[in-house]
Amino acid sequence: MLDIKIDLAKTKKAKPDEKNLSFGKYYTDNMFIMDYTEGVGWHDPRIVPYQPISLDPAAMVFHYAQESFEGMKAYRTADGSVQLFRPDKNAERMQSTHRRICIPEVPVEDFVQAVKALVSAEKEWVPSEPETSLYIRPYTIATEAHLGVKPSSTYMFIIIASPVGAYYEEGMNPVKIFVEDEYVRATSGGTGSIKCGGNYAASLISQVKAHDLGYSQVLWLDGVERKYVEEVGSMNIFFKISGVFYTAPTSGTVLPGITRMSCIELLKKWGYEVREEHITIDDIMKAAGEGKLEEVFGTGTAAVISPVGELRHKSDIAHINHNKIGEVTQKLYDTLTGIQWGKIEDDMNWTVKVD
Ligand code: COI
């Protein structure tokens, strides 16, 4: 159990218009910080006013990108209370990221306690307009000033929070996805299945290319044969072909998304067959041509459930479900967000109240 010191901001910022939040533009009044020192462990957990952090220019995070992050949300329910969605899963995923890039783990219970403490202090920042939430960004950075390549001996674990609306401009309307066959995101043995900033830096060139061509996001293919579909820039992806759902397995190169995991659990509960297996882009485009590609959607904390209306692979274009939201896509969105915003009963036991 952390002994969190609380020293809140004396002046409060003006709250933004909840109807125009967009994503990641505004930050709350306070933040959580905890330090790590080799030989001491994690120490000095505190909530302090949101402020710039001061680091030595030689801090290792700037040079070797020893950094991990998570994305999660707090939701305002109709009765005014605030709840989190499966926060222990984010804590566990962050531990797996830390193990891979040699950062000491933050205990699951400490991670969850810290998130709850910050959200509790920032409760009035959790918006209540439909489709809005408080996005929470826990992250860890290597702070030792050192230019040799080795794990840092000091770190900071920080949590900031941002009231948000939809991640995509399109909201819940179908997005257009560009299938990248030039650059790759991950290969087996690399960092594809963890959440570190470097993965996203390496993805930017393709995102810019896709945007220039009029597409919202990139669909990555496997790093060896550039044949099998893996994930989209900020979400996992599912394909419904002849009634069966396919999504890439998370072994090694694909991020184990918490929304992905929750969708698989819901789909199986509803009696659908879900196959976590490698499927080629050629098979997907072929299924589209034969009218068997019934629905495509992305899943992610930021994106929630995002229907895909168009896929472009080289010069081939697949239009999905006449650019309309698929029936199961809509049901997943309604169920998941219904649980998150407390509109339907949480019979999966996924939500955690914040006092
Ligand atoms: C999330 O869905 O929370 C993410 O971290 C994706 C992203 C905005 C990079």
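**Buried contacts, cores and ligand surroundings**

Leaving aside its neighbours within four places in sequence, Glu122 is in contact with Thr28, Asp29 and Asn30. In this predicted model, Glu122 belongs to the loop that runs between helix H3 and strand E7 (133-142), and because its relative accessible area is 2%, under the 20% cut-off, Glu122 is classed as buried. Glu122 is separated from Lys331 by 209 residues in sequence, and the C-alpha atoms of the two residues are 31 Å apart in space.

The largest nonpolar core holds 48 residues, of which Phe32, Phe111, Val119 and Phe157 touch the most other members. Helix H3, comprising residues 108-121, gives the most to this core, contributing eight residues. When residues up to four places away in sequence are not counted, Phe111 touches Glu70, Met72, Pro87, Asn90, Ala91, Met94, Val106, Pro138 and Phe157. Another core, of 26 residues, lies apart from the largest one, and includes Leu219, Ile237, Tyr246 and Val308 among its members.

Several of the residues touched by Phe111, including Pro87, Asn90, Ala91 and Met94, are found among the buried residues of helix H2, a group that also contains Arg93, Gln95, Thr97 and His98. Helix H2 covers residues 87-100, and because 14 residues at 1.5 Å a residue should span 20 Å, the 20 Å separation of its end C-alpha atoms agrees with the expected value. Just after H2, Cys102 adopts a positive phi of about 60°.

The ligand is surrounded by Phe69, Gly71, Tyr135, Arg137, Tyr167, Lys195, Tyr200, Thr301 and Ala302. Among these residues, Lys195 places a polar side-chain atom 2.9 Å from an oxygen atom of the ligand, whereas the backbone is involved at Thr301, where an N or O atom lies 3.3 Å from a ligand oxygen atom, and at Ala302, where a polar backbone atom is 2.8 Å from an oxygen atom of the ligand. Taken alone, the ligand exposes 280 Å², and 90% of that area is buried by the protein.

A further buried polar residue, Thr337, is located in helix H8, which comprises residues 327-340. Because its relative accessibility is 4%, and thus under 20%, Thr337 counts as buried. The side chain of Thr337 reaches the backbone oxygen of Tyr333 at 2.6 Å. In an α-helix there are 3.6 residues a turn, so residues three or four places apart point the same way.

How values were computed. Residues numbered from 1 in each chain as written. Predicted model: local features only at pLDDT ≥ 70, side-chain atom pairs only at ≥ 80, totals over all residues. Heavy atoms only, no water. Helix = DSSP H or I, 4+ residues; strand = E, 2+ residues; numbered from the N terminus. Expected span 1.5 Å × (residues − 1). Buried < 20%, exposed > 50% of the residue type's maximum accessible area, 1.4 Å probe, protein only. Core = buried A, V, L, I, M, F, W, Y, C linked by side-chain atoms within 4.5 Å. Contact = heavy atoms within 4.5 Å. Near = heavy atom within 4 Å. Polar contact = N/O pair within 3.5 Å; in protein donor to acceptor, adjacent residues only side chain to side chain. Areas by Shrake-Rupley, 256 points an atom, 1.4 Å probe, with all protein chains shown as cover.
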